[in-house]
Amino acid sequence: MSIFEQGLPRAAVNHIALSPLSFIERTASVYPERTAIIHGSLRRTWKETYQRCRRLASALAARGIGRGDTVAVMLPNTPQMIEAHFGVPMIGAVLNTLNVRLDAEAIAFMLQHGEAKVLITDREFHDVIHAALGMLDHPPLVVDVDDPEYGEGQAVSPLDYEALLAEGDPEFAWQWPQDEWDAISLNYTSGTTGNPKGVVYHHRGAYLNALGNQMTWSMGQHPVYLWTLPMFHCNGWCYPWTVTALAGTHVCLRRVDPQKILTLIREHQVSHLCGAPIVLNALINMPESAKASIDHPVHAMVAGAAPPAKVIGAVEEMGIKVTHVYGLTEVYGPVTVCAWHEEWNELTLDERARIKSRQGVRYPTLEGVMVADPKTLEPVPRDGLTIGEIFMRGNTVMKGYLKNPTATEESFAGGWFHTGDLAVWHPDGYVEIRDRLKDIIISGGENISTIEVEGVLYRHPAVLEAAVVARADERWGETPCAFITLKGEHAAVEAQEIMNFCREHLAGFKVPRTVVFTELPKTSTGKIQKFVLRDWANAL
Ligand code: AMP
């Protein structure tokens, strides 16, 4: 009889549902007195944090919340947001982190669609939440968070968060997920076309991606992690769980403010932070004196949009080591990384930055990535030239879209998750994004990668930010239209100079035919809203 046929038991002793909730119990018992959370003048240990999470879980349970119920939160990166990442799933409930920049209508849609039973909300969002609740037939139980770091605003509910915690039991024996396939969270996509889709994560995927982050970034024990990435976005790329597993310190931050970020990095010897390229861009555009204050190793993980090589280079020059990753809401945040090879250290800063701007290869915790034909799923040649769509499969792909079987089926067609991102595949297996499927420009039958044109624009010394979109054109079908924010001291630069610069570095048909100087519209996660720019371009 083979080993497989021996009938060895698969039982509670050797097979337990994977869940990131196990991390906090271990950290609180091994390092009870280490600092878990820093928020303004507030400090909390892991013992206190774990007790507060259990209080939250038990107080919610006492109010009838349980397995499969949705608890929504409208919170910036505050201690309550970290507590919610443990306290809510501890009772089998599902955490729905709302995007704090959304308007009342979108919030009302999500509360209704996700069937939230409870909403925990910060006073800063009083007006939006008040309006959203007014649109609902069955509003959830609302819990008011009065954060001393904000210190303003009006309560939306008489039920105070601290009072709710006081009702709870700090020793509450929380329930392990019955099944690792149980939902842990619900994250709505930005919904640039139509209603947003509710992406459902499970405990197993959250556990795996939390570990994948650590393996990919080699974070070591006790990282000091600054919350520059909104935790409402893909559960902060699973970092609430990763940093907790490593008995690190969460340094909270209500909003992205480059001066404050530099101050906190210095003050708390921050070792790690994540963010979209615009966060890094804001840092590199700070005065030299402010930037010079970084004198210890700092690591930045960047994703959310393609970081121009110029930005990567400038950040590294500041002494911040960049790790470039890529992912989507549907895959728990980052799942590919531009994995580094030692021999690349010998290259010049520019060359290193160019290599690092590739989106790379899969995390060890994702089972497959390929670039293939969007229709046939036939892999494209690894020639660094042929454009295809990026597909993924593995244990960190979402459960699916809530109450949307058609969209789920479409995005899983052929046994692969369709990302909607277009890329080339290099001979070394590294993926490099060229565009979103819907953003690529087709001019006279030729593809133009907007990311390539933007990469050139960022090299111009006067350019602070740039985005390129298609503009309808009678002769060519589409032509590139560039929207640019200039650095303050270069306000006099003219469109012609930008076009001349592009002509020196790009094939003629890729040079923007139109250049507009303006502020760029962005989403709360730092993505430039290209659909808005396309409207602007076509209204010119
Ligand atoms: P979201 O679901 O809001 O996180 O958006 C995911 C999208 O952001 C992806 O489909 C990409 O288009 C884009 N994105 C994320 N990371 C990167 C990256 N490193 N480089 C280029 N685009 C990225």
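Reader: Which residues come nearest, of the 16 around the ligand?
Author: His324, Val325, Thr329, Asp421 and Arg436 come nearest; a residue counts as near if one of its heavy atoms lies within 4 Å. This is a predicted model, in which local features need pLDDT of at least 70, side-chain atom pairs count only at pLDDT 80 or more, and totals for chains, interfaces and linings use all residues. Residues are numbered from 1 along each chain as its sequence is written, and side-chain values use heavy atoms, leaving out hydrogens and water.

Reader: What lies 2.6 Å from an oxygen atom of the ligand?
Author: A polar side-chain atom of arginine 436 does. For histidine 233, a polar side-chain atom is 3.0 Å from an oxygen atom of the ligand.

Reader: And which ligand atom does the backbone of valine 325 approach?
Author: A nitrogen atom of the ligand, 2.8 Å from a backbone N or O atom of valine 325.

Reader: Which element gives the largest share of the shell?
Author: Strand S13 does, with five residues. Strands here are DSSP runs of E of at least two residues, and helices are runs of H or I of at least four, numbered from the N terminus.

Reader: Changing topic: is glycine 313 buried or exposed?
Author: Glycine 313 is buried, at a relative accessible area of 8%; buried means under 20%, exposed over 50% and partly exposed in between, with a 1.4 Å probe and protein chains only. Its place is in helix H13, residues 309–317.

Reader: What is glycine 313 in contact with, beyond its neighbours within four places in sequence?
Author: Leu349 and Ala353, where contact means heavy atoms within 4.5 Å.

Definitions and conventions. Polar contact = N/O pair within 3.5 Å; in protein donor to acceptor, adjacent residues only side chain to side chain.
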